[in-house]
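Please look over the sequence and the model below before reading on. The text then goes through selected parts of the fold.

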Amino acid sequence: MNPIVEVNSLEKSFGDKKVVKEVSFDVKEGEILCLLGPNGAGKSTTINILCGILGYDAGEMKYKGKNINSCLTDFKKHLGVVPQDLAIYEDLSAAQNVRFFASLYGLKGKELEKSVSKALDFVGLLEKRVDKAKTFSGGMKRRLNIACAIAHEPELLIMDEPTVGIDPQSRNHILSSIKKLSQHGMTILYTTHYMEEVEEISTRILIMDNGTVIAEGTKESLKEDIFDERQFILELEEDNNLNIDDFYKIEGIKKIEKKEQQLIITTLKNIENLDKIIALVIASKSKILNLFCRTASLENVFLRLTGKSLRD
């Protein structure tokens, strides 16, 4: 995939405090790039710079290979933004809101009305088109916010925590919509504080902390790169003759935990030793009721990299 946006050595300070430090990354065509980081990591500042809301002190940003400053009008024409704070007019109807924002991109007449209906239908609000936004629930307002951002069919959609404070049904609808937009060729840069969303929609992940990019990759590659361990959990019917010390004789095993009828074995993931573990359990005349493998989660990756909980 070709990059639609490239950010190189971006820097931004507020007074004496540098909040974005030598940040470099790209956003590839058609992908869903999830930008993660604890509060104060610099991700919101980076997003605001990319949207043109903030200036920057150093670095370069490119849109399809051209410096964004030299093609700013063209870049903004193909950009859609779903801000963290709702950007809708409460006293206008759903259709009036979408119509207003779509008209800012030059849409008019039949093309405008078609785009309004298409956007509202996409977010599930077509039947509410004449209702005022102030009558909507929080989830409906979030969906209207998205409709306003996609009516002009942007190439790049930036979504800054679009599911904050909404019900599970609206969240599921929004996540499904995001995947559909990506399947139709739209490129999405997405920030969130919900790791399960990243697991569901991301094609690639960028992690920032203290104003710098500290890791990037797919969720699979990040888990693979950061952790060299896996866990086998064995549920046993009985383990009276099981000698825990015997397991440490098996290559790769680092830790054994016994919790009631569960045996939790932490082992190096690049060493295949499950057959030896099972053979040892069978030799002790213990019956295995269930066995599963636990691998690292994105939350584990985040904690290992930043030392913070994502919701700090």
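What follows is a walk through a few helices, the nonpolar cores and some single residues. The model is predicted.

A good place to begin is helix α3, which covers residues 94–103. Its buried residues are Ala 94, Ala 95, Asn 97, Val 98, Phe 101 and Ala 102. Viewed down the axis of α3, these buried residues fall within an arc of 160 degrees, so they line one face of the helix. The general background is that an α-helix has 3.6 residues a turn, so residues three or four places apart point the same way. The cover over the buried residues of α3 includes α4 (109–122) and α5 (138–150).

Those two covering helices also pack on each other. The axes of α4 and α5 come within 9 Å and cross at roughly 140 degrees, and α4 passes α5 in a right-handed crossing. On the α4 side, the contact is made by Ala 119, Leu 120 and Phe 122; on the α5 side, by Leu 144, Ala 147 and Ile 150. Sorted by type, the residues of this contact are six nonpolar, no polar and no charged.

The next topic is the nonpolar interior. In soluble globular proteins, nonpolar side chains tend to be buried together. Here the largest nonpolar core has 49 residues. Which of them touch the most other members? They are Val 98, Leu 120, Leu 144, Leu 157 and Ile 178. Helix α5 gives the most to this core, with seven residues. Several of these names have come up already: Val 98 is among the buried residues of α3, while Leu 120 and Leu 144 take part in the contact of α4 with α5.

Leu 157 can be followed further. Leaving aside its neighbours within four places in sequence, Leu 157 is in contact with Gly 80, Val 81, Val 82, Ala 149, Ile 150, Leu 181, Met 186, Thr 187, Ile 188 and Leu 189. Of these partners, Ile 150 also belongs to the contact between α4 and α5. Apart from the largest core there is a second, separate core of 27 residues, which includes Val 23, Ile 47, Ile 49 and Tyr 63.

Two residues are worth a look for their backbone. Glu 22, in strand β2 (residues 17–28), has a phi near 50 degrees, a positive value in a residue other than glycine. Lys 64 also has a phi near 50 degrees. Lys 64 lies in the loop between β4 (58–63) and β5 (66–67), and is partly exposed, with a relative accessible area of 42%.

Strand β5 itself holds Asn 67. Is Asn 67 buried or partly exposed? With a relative accessible area of 25%, Asn 67 is partly exposed. Not counting residues up to four places away in sequence, Asn 67 touches Glu 60, Met 61 and Lys 62. Glu 153 is 86 residues from Asn 67 in sequence and 22 Å away in space, C-alpha to C-alpha.

Two residues in later helices remain. Phe 302, in helix α11 (residues 298–306), is buried because its relative accessible area is 1%, where buried means under 20%. The C-alpha atoms of Phe 302 and Ala 215 are separated by 9.6 Å, with their positions 87 residues apart along the chain. Glu 200 has its place in helix α7 (residues 195–201) and counts as partly exposed at 37% relative accessibility. Beyond its neighbours within four places in sequence, Glu 200 is in contact with Leu 175 and Lys 179.

Terms used:
Residues are numbered from 1 along each chain as its sequence is written. This is a predicted model: local features need pLDDT of at least 70, side-chain atom pairs count only at pLDDT 80 or more; totals for chains, interfaces and linings use all residues. Side-chain values use heavy atoms; hydrogens and water are left out. Buried means under 20% relative accessible area, exposed over 50%, partly exposed in between (1.4 Å probe, protein chains only). Helices (H or I, at least four residues) and strands (E, at least two) are DSSP runs, numbered from the N terminus. The arc is that of the directions from the helix axis to the C-beta atoms. Contact means heavy atoms within 4.5 Å. Axes are lines fitted to C-alpha atoms, for helices over the stretch in contact, and angles run from 0 to 180 degrees between N-to-C directions. A crossing is left-handed if the near helix is turned anticlockwise from the far one by less than a right angle, and right-handed if clockwise. Ala, Val, Leu, Ile, Met, Phe, Trp, Tyr, Cys and Pro count as nonpolar, Asp, Glu, Lys and Arg as charged, and the others, Gly among them, as polar. A nonpolar core is a set of buried Ala, Val, Leu, Ile, Met, Phe, Trp, Tyr and Cys residues joined through side-chain atoms within 4.5 Å.
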